Amino acid sequence: MPTKVFRVSTSSHTDFVNITAPIREFVRESGIREGICVVYVPHTTAAVFVNEGADPDVVRDIAYKLSSLVEWDDPNYRHAEGNSAAHIKSALIGNSRVIPVVNGDLALGTWEAVFLAEFDGPRSRKVIVTLLGEG
Ligand code: ZN
């Protein structure tokens, strides 16, 4: 079962990084034709999601609205590290996604892309991609 760990550097406090291309390349290299691709982010203040990659304003709007829904400062937060908002956003979005592999490629829609969501950056993040299927 092929697994690869990618390193992704984020460049701002909130940052959505399109990680579709290296995952697609990994799927191609694996020789797997039909199966599933599991994308997992082992971090408590980051997440992974699939959404529109064509218009960068879409992820900008997602970041904007998440930040207005989950305020950075809230007197009722108790977590001493001071980054509760990042943990909450990570929990809301989720730290894994499953994408079908069809004909040796990710079966993403035309406008879809896979994003690493950074909520407490900039940092170096890991993305673990596991493929399950047959050639
Ligand atoms: Zn924390």
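Which backbone nitrogen lies 2.8 Å from a polar atom of the side chain of Glu118? It belongs to Asp120. Let's keep that residue in mind and walk through the structure, remembering along the way that this is a predicted model.

We can start with the overall plan. The chain contains three helices and eight strands, and reading along the sequence gives the order β-β-α-β-β-α-α-β-β-β-β. Its C-alpha trace spans about 55 × 30 × 20 Å along the principal axes. The radius of gyration is 16 Å, which agrees with the value near 14 Å for a compact globule of 135 residues. Among contacts in the chain with a separation of 6 or more, 82% are between residues 24 or more positions apart. Of the 135 residues, 39% count as buried. The chain exposes about 7300 Å², and carbon and sulfur atoms supply 52% of that area.

Now back to Glu118, which sits in strand β7, residues 112-118. Glu118 is buried because its relative accessible area is 0%, and the cut-off for buried is under 20%. Besides the link to the backbone nitrogen of Asp120, the side chain of Glu118 makes a polar contact of 2.7 Å with the side chain of Arg125. Leaving out residues up to four places away in sequence, Glu118 also touches a set of residues that includes Thr10, Ser12, His13, Thr14, Asp15 and Phe16, along with Thr45, Arg123 and Arg125.

Next, have a look at the metal. The zinc ion is coordinated by His79 through NE2, Glu81 through OE, Asn83 through OD1 and His87 through NE2, at 1.9 to 2.2 Å. Along the chain these donors follow the spacing H-x1-E-x1-N-x3-H. Why is the arrangement irregular? The four donor atoms subtend angles of 90 to 149° around the zinc ion, and a tetrahedral site would need all angles between 85 and 135 degrees. As for how covered the donor residues are, Asn83 counts as buried, at 3% relative accessibility, while His87 is partly exposed at 24%.

His87 leads us to one last stop, Thr44. This residue lies in the loop between β3 (34-40) and β4 (46-52). Leaving aside neighbours within four places in sequence, Thr44 is in contact with Ala86, His87 and Ser90, and one of these, His87, is a zinc ligand. Thr44 is exposed, with a relative accessible area of 54%. The C-alpha atoms of Thr44 and Asp73 are separated by 18 Å, and the two residues are 29 residues apart along the chain.

Technical notes
Residues are numbered from 1 along each chain as its sequence is written. This is a predicted model: local features need pLDDT of at least 70, side-chain atom pairs count only at pLDDT 80 or more; totals for chains, interfaces and linings use all residues. Side-chain values use heavy atoms; hydrogens and water are left out. Donors are N, O and S atoms within 2.8 Å of the metal (3.2 Å for Na, K and Ca); water is not among the atoms, so sites may look incomplete. Four donors count as tetrahedral if all angles lie between 85 and 135 degrees; four count as square planar and six as octahedral if opposite donors are over 155 degrees apart and all others between 65 and 115; anything else is irregular. Buried means under 20% relative accessible area, exposed over 50%, partly exposed in between (1.4 Å probe, protein chains only). Helices (H or I, at least four residues) and strands (E, at least two) are DSSP runs, numbered from the N terminus. A polar contact is a pair of N or O atoms within 3.5 Å; within protein, one must be able to donate a hydrogen and the other to accept it, and residues adjacent in sequence count only if both atoms are side-chain atoms. Contact means heavy atoms within 4.5 Å. The radius of gyration is taken over C-alpha atoms; the globule rule is 2.2 Å times the number of residues to the power 0.38. Accessible areas come from the Shrake-Rupley method with a 1.4 Å probe; for residues, only the protein chains shown count as cover.
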